[in-house]
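Please consider the structure shown below. The paragraphs that follow lead through it, beginning with the surroundings of the ligand.

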Amino acid sequence: MKNQITQILYPLLKKNKRGFFTIFIFSIIVSLGGAFQPYIIQNIIDNALIKQNLYLLYILVGLSFFLALILISIRSVNEIFYTNFSMNILFTFRQKVFKKLFLHKKSFLNTFHSADLMTRVQGDINELQRFFTDSFLALFSTFLSLIIISCIIYSYNIKLMLLILVFLPIEFMCVKPLYKYMHNSTKDMREKTSDTTKFFVQSLQNLTFFKTLGAQNFILNSLDDVQEEYKKTVIKNKKLNIVFTQIPALISLLGKTIILAYGGYLTIKGELKIGELVAFLTYFGMLLSPVHTVLGILNNIPKVKVSLKRVSEILPKKEENATSLDGQNYDLKVKKLSFSYNKNRIFEDINLDIKENQKIALIGKNGKGKSTLTDLLCSIENPTSGEIFIGSTNIVEKNIKNIADYIVKMEQIPVMFDGTLKENLLLSNKNIEDEKIINVLKLVKMYDWYKSLENGLDSRLIEAGRNLSVGQKQRLSLARILLLKPKIVILDEFTSSIDKEDTKWFFENIDKLFSDMTVIVITHQLDMLDIFDFVYTIEDKKIKRS
Ligand SMILES: Nc1ncnc2c1ncn2[C@@H]1O[C@H](COP(=O)(O)OP(=O)(O)OP(=O)(O)O)[C@@H](O)[C@H]1O
């Protein structure tokens with residue numbers, strides 16, 4: 001499973017190797033320049049101040065100033081370049097994961113709360129990208145600084161250099177046993193964050209619903225519970241983090257004290273110059289910062305492992321190659337199909353034969369499997385066994401990339417999204433003239449409403465179409481399907497919120513509205529069945545034609 005992420009990330013990082021290279025070059029210049037500064041200060045003290053050489057003092061001060069200016073400029077350019085580069089990798093990474101999410105069947109996606117999916121696609125992918133780009137570069141500049149600084153310190157005093165280097169592994173050894181605890185704590189943090197997001201999404205989306213039911217206190221109490229749980233996890237995580245970061249800080253303090261005492265002793269004995277001691281202390285400080293960077297990266301490893309698992313869990317286990325449907329004819333055939341949701345068997349060996357352009361009604365009591373059958377026909381679900389053919393293509397065996405050109409379902413609960421009316425109607429089908437859209441709005445009897453809009457087709461439908469009635473949303477969904485013009489249309493209780501008069505009109509005009517299309521209508525309007533070519537009833541896990 002983790003391999004899947006490597007398969008996405010590795011080519012992405014490889015493709016961006018020029019960007020990495022540029023940042024490496026910048027980092028080398030910054031590390032070299034930074035390491036040179038204490039060396040100049042040492043020379044200012046030992047060769048200019050102590051020897052009272054004014055000319056050398058001005059030269060060195062000027063050199064230090066201009067070097068600092070150059071480094072500031074390079075660092076700034078590098079930061080902008082790096083942010084741009086890092087964002088590009090993040091966005092492409094997320095695009096690729098998103099694309100894979102479309103390969104899932106409905107029952108798999110239903111096992112995740114939308115807020116949980118959101119935190120995985122946002123937070124966890126961020127964490128992975130940061131780790132694989134930032135840490136890589138941070139590690140590179142860390143080792144570069146370590147090498148440069150060690151060489152400079154070595155040239156001053158080998159005993160002191162060895163003393164410093166002894167402290168670095170001690171720090172790592174002390175922190176390592178804490179990884180396991182950090183991993184568990186991070187996992188808890190992610191889960192609690194996800195729970196909190198879930199709570200907010202659910203309660204804010206349905207605020208007025210809870211108010212109407214007088215359930216404000218229920219929501220406020222739940223908020224208290226969710227926040228209390230979150231607080232407990234944050235405090236636990238904070239305590240662990242403090243131990244994780246303060247242990248190295250304590251060891252560094254100990255090292256600094258010993259080195260200061262020993263370096264001072266060497267200076268008093270005349271083995272080290274004052275300027276060298278000052279430069280040495282600065283270098284020691286500079287060495288600590290890369291060490292802490294490495295510790296920070298190590299600190300992130302448990303977090304990254306959690307994110308890796310969370311992102312892997314939402315990726316499809318296997319990917320079949322997508323093929324196109326060969327458009328000979330669009331008869332729909334179901335052969336010996338069975339389907340279960342876990343242990344709940346919904347269909348047992350059912351068969352169905354619907355010819356191109358037929359108008360079919362699908363009836364049955366609540367919960368008998370009407371929507372499930374249409375999910376199977378649209379490839380949103382996979383049958384447990386059996387075959388489904390459109391024309392001569394078995395759509396169960398093959399992953400059909402353009403399946404929506406052939407079969408589309410209008411959901412029982414209409415879906416509108418935050419966007420313009422035109423975007424909501426056309427989706428990706430952009431090459432349709434406004435005139436045609438307006439004609440379809442007339443067909444679904446939304447023309448009067450359309451005329452009342454200030455910005456016409458560019459008017460915005462706010463969040464999930466909140467500025468529309470449910471009946472209006474159903475009519476717009478119908479308009480969307482009419483504009484998409486697939487070969488087979490499935491309408492799941494498409495008039496459930498439409499007034500009686502217009503419901504009758506829609507049913508009586510199905511032939512005209514969907515003239516060149518096969519239509520399957522799920523309905524509880526039993527008085528409207530006469531207009532259909534055939535009526536199928538779902539009962540006892542079977543489907544019967546009446
Ligand atoms: N994602 C799911 N996971 C598990 N069981 C499910 C899922 N979706 C539906 N079911 C179950 O499958 C059965 C059929 O549901 P389905 O929605 O297909 O019925 P329906 O005939 O369309 O009902 P209605 O007329 O109420 O819309 C029901 O028992 C339902 O509880």
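Which element supplies the largest share of the shell around the ligand? The model to which this question applies is a predicted one. The answer is helix H11, which contributes 3 residues to the shell. Helix H11 spans residues 370–377, and it is joined by strand E3, residues 344–354, in supplying at least two residues of the shell each. The ligand has 13 residues around it, and those that come nearest are Tyr-341, Asn-366, Lys-370, Ser-371 and Thr-372. Sorted by class, the shell consists of 9 polar, 2 charged and 2 nonpolar residues.

Helix H11 merits a further look. Of its 8 residues, 7 are buried, so the helix is largely enclosed by the rest of the structure. The buried set comprises Lys-370 and Ser-371, together with Leu-373, Thr-374, Asp-375, Leu-376 and Leu-377. Lys-370 and Ser-371 thus appear in both descriptions: they are buried residues of H11, and they are among the residues that come nearest to the ligand. Just after the helix, the backbone at Ser-379 adopts a positive phi of about 70 degrees.

A separate part of the chain carries annotations from a record. In an unreviewed entry, UniProt places the feature "transmembrane region" at residues 20–41, 53–74, 136–156, 162–179, 240–265 and 277–301. Two of these spans may be set against the model. Residues 20–41 are 100% helix and 0% strand, with 32 Å between the end C-alpha atoms. Residues 240–265 are likewise 100% helix and 0% strand, and here the end C-alpha atoms lie 38 Å apart.

The description now turns to a sheet. Six strands, in the order E8-E11-E12-E4-E13-E14, form an open sheet of 6 strands with mixed pairing. Why is one side of E8 and of E14 left without a neighbour in the sheet? Strand E8 (407–410) and strand E14 (542–545) stand at the edges and have a single partner strand each, so one side of each strand has no neighbour there. From one strand to the next, the twist averages 20 degrees.

At the E8 edge, the partner is strand E11, residues 488–492, and the two strands pair in the parallel sense over 4 bridges. Within this pairing, Val-408 stands opposite Val-489 in E11. Helix H15, residues 470–484, lies across both E8 and E11 and runs at about 170 degrees to E8.

How values were computed
Residues are numbered from 1 along each chain as its sequence is written. This is a predicted model: local features need pLDDT of at least 70, side-chain atom pairs count only at pLDDT 80 or more; totals for chains, interfaces and linings use all residues. A residue is near a molecule or strand if its C-beta atom, placed from the backbone, lies within 6 Å of it. Ala, Val, Leu, Ile, Met, Phe, Trp, Tyr, Cys and Pro count as nonpolar, Asp, Glu, Lys and Arg as charged, and the others, Gly among them, as polar. A residue is buried if 20 or more other C-beta atoms lie within 10 Å of its own, exposed if 12 or fewer, and partly exposed in between; C-beta atoms are placed from the backbone. UniProt positions are given in the numbering used here, feature names are shortened, and annotations may be inferred rather than shown by experiment. Two strands pair if DSSP finds at least two bridges between them. Axes are lines fitted to C-alpha atoms, for helices over the stretch in contact, and angles run from 0 to 180 degrees between N-to-C directions. Two residues are in contact if their C-beta atoms, placed from the backbone, lie within 7 Å.
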